[in-house]
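This report concerns the architecture of a predicted model. Its topics are strand pairing and helix packing.

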Amino acid sequence: MKNYTEFDAAADLNDIIKFLSRRDILRLTGQALYDGFGISQADLLIILGSSIPYLAELGARAFVGGVAKELMIVGGIGHSTKYLAENIRNNPEYRDIAVENRPEADILKEVVSKNTGLEVNNIIIENRSTNCGENASQALKVLRERAEIPASVIILQDPTMQLRTHAAFLKTWAGEKTRIISYSPFIPTIKAETGSLKFSDNIYGLWSFDRFIDLVMGEIPRLRDDQEGYGPKGKDFIVHVDIPDNVLEAYDRLQSIYVEYKHIKFRK
């Protein structure tokens, strides 16, 4: 591709990540919930395990502020766990939290407790799931065992996986009368400097740039509703997702510089 610069690549990455970072409300507040859905408080706020402690911090503060009646943290040991453990070890505020061979939910409940003072016994925990699909199914299993199926749920996930997680919840919870509301904790932005790409965000524990590219470039093939994707025409892990033309075009252009993703194979 002629004259495809780092500035073009930054713009294309920003188009894709804005699409992936689904937000159904403008802010994580009761007022935003009321403006968008006519309710001032959700029944449940679910924080999905990830490598970035900020997600749990943000969700916990919103819960303390009254955005939901109950709080749940979901996540076992998966591909992000080692990165979460590293971020916890390197953070002076959290380095006394044990991380060795512990599920993400068990680690993050202590992050939440330290950050907000919430009692860990007041947090619902699911600590066996290892991917987005299992996050949805195992969370529902725990809630069914408690006989507490909420009418409304807010889900917070790593921005690169927020849209797919939403689609997985819609698929798995289809038999329930639960309104699923997504809120990406932040929407990453990429800036171009001569010869390089960098994050504009200043958030502790952010992915390495290589890992970010791996996550972003892996999502579009997963979301495509074709034989290789996760939609109904493929592996049937998620509901159908409409991918805008500008996102598909951005992805195709990025493959000119991230050539390893032209024939991508990925984990669940």
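## Pairing of strands 2 and 3

Strand 2, which spans residues 68-74, runs parallel to strand 3, and the two are joined by four bridges. Within this pairing, Leu 71 has Ile 123 of strand 3 as its bridge partner.

## The sheet as a whole

The sheet is open and consists of five strands in the order 3-2-1-4-5, paired in parallel fashion. Its edges are formed by strand 3 (123-126) and strand 5 (179-182); each has a single partner strand, so one side of each is left without a neighbour in the sheet. From one strand to the next, the twist averages 25°.

## Helix 6 on the sheet

Helix 6, comprising residues 132-145, lies across strand 1 (42-48), strand 2 and strand 3. Relative to strand 3, helix 6 runs at about 125°.

## Packing of helix 6 against helix 7

Helix 6 also packs with helix 7 (residues 162-172); the angle is about 45° and the axes are 8 Å apart. Angles under 35 degrees would count as roughly parallel and those from 65 to 115 as roughly perpendicular; helix 6 and helix 7 are therefore oblique to each other. Their crossing is right-handed.

On the helix 6 side, the contact involves Cys 132, Gly 133, Asn 135, Ala 136, Ser 137 and Leu 140. These residues meet Arg 164, Thr 165, Ala 168, Phe 169 and Thr 172 of helix 7. Classified by residue type, the contact between helix 6 and helix 7 contains five nonpolar, five polar and one charged residues.

Methods. Residues numbered from 1 in each chain as written. Predicted model: local features only at pLDDT ≥ 70, side-chain atom pairs only at ≥ 80, totals over all residues. Heavy atoms only, no water. Pairing = 2+ DSSP bridges. Axes fitted to C-alpha atoms, helices over the stretch in contact; angles between N-to-C directions. Contact = heavy atoms within 4.5 Å. Parallel < 35°, antiparallel > 145°, perpendicular 65-115°, else oblique. Left-handed = near helix turned anticlockwise from the far one by under 90°. Nonpolar A, V, L, I, M, F, W, Y, C, P; charged D, E, K, R; others polar.
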